[in-house]
Amino acid sequence: MNSITLGASITLFLQQPSGTPPGPPDRLENILIPIIVPLGAFAMVVLLAWLRHRTNEAKLRTQSEAQRQLVEKFGSGKELSEFMETEGGRRFFSNVLAADSNMQRQIERTIRVGVILICAGLGCVALLVRNAQFFYPAVILISLGAGLLIAAALRLSRKWGLIEQEQRLSQGG
């Protein structure tokens, strides 16, 4: 399908008046399949994202534990400063600083994806004028985008120490 045919198909689709809704489904599978398939796909994406998050979390926990144990082995600040002057010491502490930079990139990526999803949802809202079938994608895209922006805000507040500070104040410490 070339671009002219595609453009003509999109134009015809947008100019098509909304017809009468189809009748109710007559069989149970015609009711369940449109519900189960999208929910299953969504559940799979959530599961994969959760597994990736847990894997990264375990990896970071292992690295930080190894780094903590290495720093504890030094008896004095002089030994630590001598270690930092070696090539291995510079590499070790550059990895610690790179982890902070990686978190910043993850927060930026989360914000970027959230804004893109909200914009796509607003595009679906604009298409609601022509076709009411864009209501559910609009709600889903805007909700996902807002959720990602909220998650990024929570990560930033934890990184800046605002959440722990509020918890200490509420506990009287």
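A contact, in what follows, means heavy atoms within 4.5 Å. With that in place, I should like to present this structure, which is a predicted model.

Let me begin with the contacts themselves. If we take those in the protein chain between residues at least 6 apart in sequence, 53% join residues at least 24 apart.

Next, the secondary structure. The protein chain contains six helices and zero strands. Read from the N terminus, the order of elements is therefore simply α-α-α-α-α-α, given that helices and strands are numbered from that end.

I turn now to burial and surface. The chain has 173 residues, of which 9% count as buried. Its exposed area is about 13,800 Å², and carbon and sulfur atoms supply 65% of that area.

On this surface there is a charged feature to point out. Which residues gather in a patch of positive charge? They are Arg52, Arg105, Arg109 and Arg112. Helix α4, covering residues 87-127, gives the most to the patch, with three residues. Arg52, for its part, is placed in helix α2, which covers residues 28-72. Why does Arg52 count as exposed? Its relative accessibility is 59%, and the cut-off for exposed is over 50%.

Helix α2 also brings us to the salt bridges. Side chains of opposite charge can pair when their charged atoms come close. How many salt bridges does the structure hold? There are two.

One of them joins Glu57 to Arg54, with the closest N and O atoms 3.6 Å apart. Both residues lie in helix α2, and three residues separate their positions, about one turn of the helix. The other pairs Arg61 with Glu57, and here the closest N and O atoms are 3.2 Å apart. Arg61 and Glu57 likewise both belong to helix α2, four residues apart, again about one turn of the helix. Both distances fall under the limit applied, since a salt bridge requires the side-chain nitrogen to be within 4 Å of a carboxyl oxygen.

Glu57 thus takes part in each pairing, and Arg54, Glu57 and Arg61 are linked in a network of salt bridges.

As for the accessibility of these residues, Glu57 counts as partly exposed because its relative accessibility is 29%. Arg54 is also partly exposed, with a relative accessible area of 44%. Both values sit between the cut-offs, as buried means under 20% and exposed means over 50%.

To close, I would return to helix α2: Arg52 of the positive patch has its place there, and so do Glu57 and its partners Arg54 and Arg61.

Methods. Residues numbered from 1 in each chain as written. Predicted model: local features only at pLDDT ≥ 70, side-chain atom pairs only at ≥ 80, totals over all residues. Heavy atoms only, no water. Helix = DSSP H or I, 4+ residues; strand = E, 2+ residues; numbered from the N terminus. Buried < 20%, exposed > 50% of the residue type's maximum accessible area, 1.4 Å probe, protein only. Areas by Shrake-Rupley, 256 points an atom, 1.4 Å probe, with all protein chains shown as cover. Patch = residues over 30% accessible without salt bridge, like charges linked within 9 Å, V, L, I, M, F, W, Y side chains within 5 Å. Lys, Arg positive; Asp, Glu negative; His and termini not counted. Charge placed at Lys NZ, Arg CZ, Asp CG, Glu CD.
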